[in-house]
Amino acid sequence: MDPKEAWENRDKFTFVDVREDREWMSKGVLGVDKLYLVERGVLERELPKCVPDTSTPLMVYCAGAMRSVLATRSLNELGYTDVTSLNGGFDGWKEENLPLKSYDEWRACQDGKDE
């Protein structure tokens, strides 16, 4: 799905950023409310803890879309049934001038949320 369409439909998805922590910290994250940061290398182990319902619509992204395509395949193999890769990834989102948050802003929004 292209970034503008993903933004317009953001309330329908839980977003999953599969970039590395250094990327989140230096470049920020998408400016959406439902967002998990789960590095690609630990995705299969960690995401089920955050999103146990395998029917949850997921929008997966990385920097440019290569890792997210692989992550989408892995999540399908884990039984997730509604997984979409964000075309162009974080870079495509940024090119469209869609909202972003710094890592610190994202962390601040997580304080007080039930885990």
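This is a short walk through one structure, starting with its sheet, moving to a helix that lies across that sheet, and ending with a group of aromatic residues. Please keep in mind throughout that what we are looking at is a predicted model.

Let me begin with the sheet, which is open and consists of four strands in the order E3-E1-E4-E5, with parallel pairing. At the edges stand strand E3, residues 35–37, and E5, and each of these has a single partner strand, so one side of each is left without a neighbour in the sheet. If you look at how neighbouring strands of this sheet sit relative to each other, they are turned by 25° on average, direction ignored.

Going through the pairings one at a time, E1 and E3 are joined in the parallel sense by three bridges, and here aspartate 17 stands opposite leucine 37 in E3. E1 and E4 also run parallel, joined by four bridges, and valine 16 has valine 60 of E4 as its bridge partner. Valine 60 appears again in the next pairing, where its bridge partner in E5 is serine 85, and E4 and E5, which run parallel, are joined by three bridges.

Now, what covers the two faces of strand E1, and are its residues buried or exposed? In a regular strand the side chains alternate between the two faces of the sheet. In E1, residues 14–17, Thr14 and Val16 lie on one side while Phe15 and Asp17 lie on the other, and all of them are buried, so that both faces of this strand are covered.

Let me turn to helix H4, residues 66–77, whose 12 residues reach 17 Å from the first C-alpha to the last, which is close to the 16 Å expected at 1.5 Å a residue. Within H4, the residues Ser68, Ala71, Thr72, Ser74 and Leu75 are buried. They cover an arc of only 165° around the axis, which puts them on the same side of H4. As a reminder, an α-helix has 3.6 residues a turn, so residues three or four places apart point the same way. The face of H4 turned away from that buried side carries Met66 and Glu77, which are exposed.

What do the buried residues of H4 pack against? They pack against helix H3, residues 43–50, together with strand E4, residues 58–61, and strand E5, residues 83–85. The helix H4 lies across E4 and E5, and it runs at about 170° to E5. Just after H4 comes glycine 79, which takes a positive phi of about 105°.

One residue on the way from H3 to E4 deserves a mention, namely proline 52, which lies in the loop between those two elements. Proline 52 is exposed, with a relative accessible area of 63%.

Finally, the aromatic residues, where the structure holds four aromatic pairs. In one of them, tryptophan 7 and tryptophan 93 meet edge-to-face, at 5.9 Å centre to centre and with 80° between the planes. This pair links distant parts of the chain, with tryptophan 7 in helix H1, residues 3–8, and tryptophan 93 in helix H5, residues 89–95, 86 residues apart. Tryptophan 93 is buried, with a relative accessible area of 0%, whereas tryptophan 7 counts as partly exposed at 21% relative accessibility. Both belong to one aromatic cluster, which is formed by Trp7, Phe13, Phe15 and Trp93, and Phe15 brings us back to strand E1, where we met it as a buried residue.

Terms used:
Residues are numbered from 1 along each chain as its sequence is written. This is a predicted model: local features need pLDDT of at least 70, side-chain atom pairs count only at pLDDT 80 or more; totals for chains, interfaces and linings use all residues. Side-chain values use heavy atoms; hydrogens and water are left out. The expected span of a helix is 1.5 Å times one less than its number of residues. Buried means under 20% relative accessible area, exposed over 50%, partly exposed in between (1.4 Å probe, protein chains only). The arc is that of the directions from the helix axis to the C-beta atoms. Contact means heavy atoms within 4.5 Å. Two strands pair if DSSP finds at least two bridges between them. Axes are lines fitted to C-alpha atoms, for helices over the stretch in contact, and angles run from 0 to 180 degrees between N-to-C directions. Rings of Phe, Tyr and Trp (its six-membered ring) pair if their centres lie within 6.5 Å; planes under 30 degrees apart count as stacked, over 60 as edge-to-face and the rest as tilted.
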